[in-house]
Amino acid sequence: MKANRAAILLAAATGVGLAAACGGSAGEADSLDLWLPPQANIANASDWDPILADFEADRSVEVNVRIIPWENYEEAYLTGITGGEGPDVGLMYSSMMADYLAQDVLVPFDEYLSNADVPDYLYLEEGAVAGQQVAIPLVVGGVRVLYYNADLLAEAGINEPPATWNEFLDAAAQLTDAGITPLVQPWGGHSGMLNENFFPLLWQADGELFSEDGSATAFNSSEGEEAAGFLQELMDTGALSAATLSMNPDDAESQFIAGEAAFIFSSDARYDNFSDGGFEVGLVASLENQTRSTFVAADALVMLDQCPDKQLCTDLVTYITSPEQMVQFHELAPYPPLSTGEEYTAPEIFRDIYEEEGLLQSLPIVPGSVGVYNALHANLQQMLLGQKTPEQALADAADEGDRALETAQR
Amino acid sequence: MTASQITEEHAASARSPAPQLPAAPPRRGKSLAGLWYVVPSMVILLLAVVAPIVMSAYYSFTDYSLLRSENWVGGDNYRELFADGGFRRALWQTFVYTVISVPLQTTVALVVAALLARRSRNRFGMFVRSAMFVPVIASMVIIGSVWRYLLGTDQGVVNAFLELVGVGSVNWLGQPVTALLVVSLVTVWKNAGYFLIIYYAGMLDIPEELYEASSIDGAGGVRQFWCITIPSLRPVTLLIVILGTIWSFQVFDLVYTMTSGGPGRATVTLVVAIYNAAFENMQMGYASAMAMVLFAIVFAASFAQRLLLRQK
């Protein structure tokens, strides 16, 4: 009854370790296992049937799709791979990919792409590490933008949405004077929230998360301090309320939809929810400081070393990401096109954002990065609690993050 | 019959020849038959309990990461562990959480059980017992989500009530001290019903004559509670305290759902730290070292319980 999750997972992991030692195979060449998360309107494995039907018929292979909920996505991979029951091909996000790459579980596609029918990809570099094509992006989307409630801005006498950090601070002050909560930001959740809460600010200040070779953190810099200082100023001036530290994404979103706050940084996937809020919703792609920049997710398909037929797995990936299949995929999950041969079917309001040169940044593939993000998140929380200055928070996060990188890359 | 008579009878029976008993079946065969009965449960116990503990102990001396074969690193994980401020903090927070939740849940369960056993052995009492047991059978994740909603700073029911009575809203889960306190109190709410049932069963075993006799001697309800109920329930209380302590050191789901360990790691407990090391940082060897420390604490608590019970 009181068995805790970690203990169970630890026991399961050791259990499957034992099982693996006794044998077991990754699968036969006439069947492939494909693990994916739910995406927009794709919740069941059967939703992939029409997309995969031609490949299965042409190659006489059965593709077994398993949809894994986001809540235990990485755990499923960890325990599955350890027990020899992992997928042949799967979707990973950058921080996850990095750790699996460091553990030699992933096989780069380079050797097999030359024999495959490769589309003209737009974001192929997002899956490249040290000159190797480790992954092929499947979902490039979820761009983080600044949404605003135009009715509340008008109520506070703001006619134009802010475009720069200073304009944002001015607007926040005007809103506060008018008795309107300027910004809701979920700092009570997990470190994934940094995608909208901090990384864009760091990039807008011209800062970087990691050194070029990924062996050390780089955010403990004057640019990082500027970004953290901006956050601190939002807190000090009341643009962010103290409640931000207990807020999760659902709390923040429901407050914005209820018309209780003027601004929220969120994903393009939330646009429909916000536009149903009964007020005029607008968006700013990125605030500008030294530059304009914001986060975009680049979740990609990877090939695992247990794939029995590497060419077949590569062919499956290029087939899924081909313009013909992506048309079907994007009908259910409206993300921007992946290759030049595909029409843009995502909401029109985001077209310019996806097409703007140099605006979007995804997270680099760096082994140990999860430890860095967790350290940064916790230290920025402590800064917002008033326990640390921006300089202290970044220095402590960098210390802890560097240790995490060293351990992961050892 | 006096004591000397009893002694003489025993002495007489000792002098008389022993009665002839039928020949017992060979002991060895009997033992083997018994062994076969316990083999299935022994195998399950070995595989499900002992093997993971032994493997965790082994992994705690390696750099195991789940995905890659392990290398022996000796005591490095333990050295790193005791130098790790994050681990010491998690241990301290788990201790604080335990110190708040265990005495409170024990007291609440004892007092309510005493009231029900002495004054409400009726349908109302049954209703209270059942109502208090509902949180026990509810999923920890659901409980965490519901309380998170109730304690929300801007839209929570608790704060709406506080504002209604003029106290003003409290950022329950957004401040380090209140966050840990709230998680501890929700634990009390969740566990009290379970311990109430144990206490209630224990109270039904206390002879009614003790209360009747003390009433004749003029003892009131409070005095009876202090001088009869509490001393009679000593083994039960010991069990509840030890069980509560073990559960507290294992807390994970509630913290994970309500605070994710925040704000600023103020509610990271030992098992949350183990989870983070194992499944977020992939340091399974390091996580195993933490798990072994947890095992040592739980083992010590269980050993203390056995020792104290034996003393009685």
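This tour moves from the confidence of the model to one strand of chain A and its partners.

The model is predicted, with local features given at a pLDDT of at least 70, side-chain atom pairs counted only at pLDDT 80 or more, and totals for chains, interfaces and linings using all residues. Residues are numbered from 1 along each chain as its sequence is written, chains are lettered from A, and side-chain values use heavy atoms, without hydrogens and water.

Begin with the whole complex, to which the predictor gives an ipTM of 0.80 and a pTM of 0.84. Next, colour chain B by pLDDT, the predictor's confidence in each residue from 0 to 100; its mean is 86, and 90% of its residues reach 70 or more. Select helix α1 (residues 3-15) of chain B, where confidence is lowest at a mean of 44, and then helix α8 (residues 176-204) of chain B, where it is highest at 94. Over residues 1-16 of chain B the pLDDT is below 50. Where pLDDT is low, the predicted coordinates should not be read in detail.

Now turn to chain A and select strand β1 (residues 31-36), of which five of the six residues are buried (under 20% relative accessible area, with a 1.4 Å probe and protein chains only), so the strand is largely enclosed by the rest of the structure.

Add strand β2 (residues 62-67) of chain A, which pairs with β1(A) in the parallel sense over six bridges (pairing requires at least two bridges found by DSSP). Here A:Ser31 stands opposite A:Glu62.

Finally, show strand β3 (residues 89-92) of chain A, which pairs with β1(A) in the parallel sense over two bridges, and find A:Leu34 opposite A:Val89.

Notes:
Helices (H or I, at least four residues) and strands (E, at least two) are DSSP runs, numbered from the N terminus. Contact means heavy atoms within 4.5 Å. Buried means under 20% relative accessible area, exposed over 50%, partly exposed in between (1.4 Å probe, protein chains only).
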